[in-house]
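Visitor: I am new to this structure and should like to be guided through it. May we look at it together?

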Amino acid sequence: MRTNSQTPQKSTPSALATSLKHAASDVYQGFLHTTQNGLALLGTVAAVTLLVFGMRADLRASAEERLLSWLLQRQEAQQVVERDVDVEPTAIERVTATSLRDLTEQQAKVTQWLSRKYRVAPEPLAALVTEAYNIGERARIDPTLLLAVMAIESRFNPFAQSPVGAQGLMQVLTRVHTDKYEDFGGELAAFDPLSNLRVGAKVLEDAVKRAGSVEGGLRLYVGAVSSDGGWYIDRVMAEHLRIKSVAMGKPVQRYVPPARAIPVNAPAPSVEVEAEVRPAPHAALPS
């Protein structure tokens, strides 16, 4: 006779779940045990390190220096990545610009007027206006005349170049006046605004002395050989009068060209003094 067992057999899925549960529990307990031992080891190493550094000031200083150097390198690297451009903190030293606060009232008026008319930032113009007044005082040339020449020649573009090779603010022929740029480091100084202004002012000063008058000097400056240069002289003198009116705080006056020819005491040079290509002699004057 068979006897039936009263204890039911556990199903296979239930037994598998129980085994996985026990295995997970073992892994968890092992992880906790390992972590506790690892933290204890780290704590011991940290305590020993602090003890050594506390006893050895030289080691502590060396470690601090290396850590600071690493942090600075990381910071610089991050800044370069963020900006994606090489920084140059000293670039400000080669900028040709001046704050309007450093100008006299007269110079500030001229700067603001020229800035609006020629659409040039006032800060670079302020540096040019200041330099024009300094040169004018030394060379006894009206600074507003120098500014008028710059305005007509290049519209205050320091990188302007004419078809015949006149360069910079004052449109001086660099190849003719190479010697004058030697004191400024070479021919490339033609594109430095202040250097070009100083060379151009010297060329104009010499031309005025040779001709005996401002108008005659302008004729030599432009290198007018086949004509009397009246078209160029009128443009410069008209702008000169406007700038001078602004400087003196008067309403801007309109220039009336003279009806007679302007006498020139010195003959036209065989080599162009400045030789920029200009509009036709009968071109209308700007307002």
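Guide: Let us begin with a term: a residue counts as buried when its relative accessible area is under 20%. The model before us is predicted.

Visitor: What share of the residues of the protein chain count as buried?

Guide: The protein chain has 287 residues. With the cut-off of under 20% relative accessible area, the share that count as buried is 34%.

Visitor: In what order do the elements of the protein chain run from the N terminus on?

Guide: The protein chain has nine helices and two strands. From the N terminus on, the order is α-α-α-α-α-β-β-α-α-α-α.

Visitor: Which helix gives the most to the largest nonpolar core?

Guide: This core holds 46 residues, of which L114, L147, F156 and Y232 touch the most other members. At least two residues each come from α3 (105-118), α4 (122-139), α5 (143-154), α7 (193-211), α8 (214-222) and α9 (230-247). The greatest contribution is nine residues, and the helix that supplies them is α9.

Visitor: Which residues does L114 touch, not counting those up to four places away in sequence?

Guide: L114 is among the residues of the core that touch the most other members. Leaving out residues up to four places away in sequence, L114 touches R119, L125, V129, L147, F156 and I243.

Visitor: Is S245 buried or exposed?

Guide: S245 lies in helix α9. Not counting residues up to four places away in sequence, S245 touches K250, P251, V252 and Q253. Its relative accessible area is 3%. Because that value falls under 20%, S245 is classed as buried.

Key
Residues numbered from 1 in each chain as written. Predicted model: local features only at pLDDT ≥ 70, side-chain atom pairs only at ≥ 80, totals over all residues. Heavy atoms only, no water. Core = buried A, V, L, I, M, F, W, Y, C linked by side-chain atoms within 4.5 Å. Buried < 20%, exposed > 50% of the residue type's maximum accessible area, 1.4 Å probe, protein only. Helix = DSSP H or I, 4+ residues; strand = E, 2+ residues; numbered from the N terminus. Contact = heavy atoms within 4.5 Å.
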